[in-house]
Amino acid sequence: MLAIAAAGQADPLGTHGWLIMLAAIAGIFSVISAFHEPEPAVDRLNHYYDVPSKIGIVLAMGWAVFGLFIGDWVAWLSHYVSYMKLLPGVGD
């Protein structure tokens, strides 16, 4: 992380290196701060909390629809441009 940040000082690579390093440090501090909290209750295993899974599935499907739309749009645009080149006087 530090090597990426140092390698690209005024470059987007360096910016991403610093972002990764800051996220890692924040993650380390969040794990360390929760280390001395009491143990979770045993009854937490009696039910399944599936809301994050549902949200992830919905977001992934939304992203897939968006990606397929963009791909289809680029394909139609490419076809239209190649078709216009075949017409006399239009694709000059």
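Which residues form a nonpolar patch on the surface? Let me answer that straight away. They are Trp63, Phe66, Phe69, Ile70, Trp73, Val74, Leu77, Tyr80 and Val81. Together they present about 970 Å² of accessible area. One caution before I go on: this is a predicted model.

Now the overall picture. The chain has three helices and zero strands. Along the sequence, that reads α-α-α. There are 92 residues, and 7% of them count as buried. The accessible surface of the chain comes to about 8,300 Å². Carbon and sulfur atoms account for 73% of that surface.

Back to the patch, and to its members one by one. Take Tyr80. Where is Tyr80 found? It sits in helix α3, which covers residues 51-86. Its relative accessibility is 48%, so Tyr80 counts as partly exposed. The cut-off for exposed is over 50%.

Next, Trp63 and Phe66. Both belong to the patch. Both lie in helix α3 as well. They are three residues apart, about one turn of the helix. How exposed are they? Trp63 has 63% relative accessibility, so Trp63 counts as exposed. Phe66 has a relative accessible area of 43%, and that makes Phe66 partly exposed.

These two side chains also matter for the next count. How many aromatic pairs does the structure hold? One. The pair is Trp63 with Phe66, with ring centres 5.5 Å apart. Their planes meet at 35°, so the pair is tilted. Why not stacked? Because stacked needs planes under 30 degrees apart, and here the angle is 35°.

On to charges. How many salt bridges are there by this rule? The count comes to one. The partners are Lys54 and Asp50. Their closest N and O atoms are 3.8 Å apart. The limit is 4 Å, so this contact qualifies.

And where do the two partners stand on accessibility? Lys54 is exposed, at 52% relative accessible area. Asp50 is partly exposed, at 27% relative accessibility. Neither counts as buried, because buried means under 20%.

To recap. The fold is three helices, with zero strands. The surface carries a nonpolar patch that includes Trp63, Phe66 and Tyr80. There is one aromatic pair, and its geometry is tilted. There is one salt bridge, between Lys54 and Asp50. And again, the model is predicted. That's it from me.

Technical notes. Residues are numbered from 1 along each chain as its sequence is written. This is a predicted model: local features need pLDDT of at least 70, side-chain atom pairs count only at pLDDT 80 or more; totals for chains, interfaces and linings use all residues. Side-chain values use heavy atoms; hydrogens and water are left out. Patches are made of residues with over 30% relative accessible area and no salt bridge: like charges are joined within 9 Å, nonpolar side chains (Val, Leu, Ile, Met, Phe, Trp, Tyr) within 5 Å. Accessible areas come from the Shrake-Rupley method with a 1.4 Å probe; for residues, only the protein chains shown count as cover. A salt bridge is a side-chain nitrogen of Lys or Arg within 4 Å of a carboxyl oxygen of Asp or Glu. Helices (H or I, at least four residues) and strands (E, at least two) are DSSP runs, numbered from the N terminus. Buried means under 20% relative accessible area, exposed over 50%, partly exposed in between (1.4 Å probe, protein chains only). Rings of Phe, Tyr and Trp (its six-membered ring) pair if their centres lie within 6.5 Å; planes under 30 degrees apart count as stacked, over 60 as edge-to-face and the rest as tilted.
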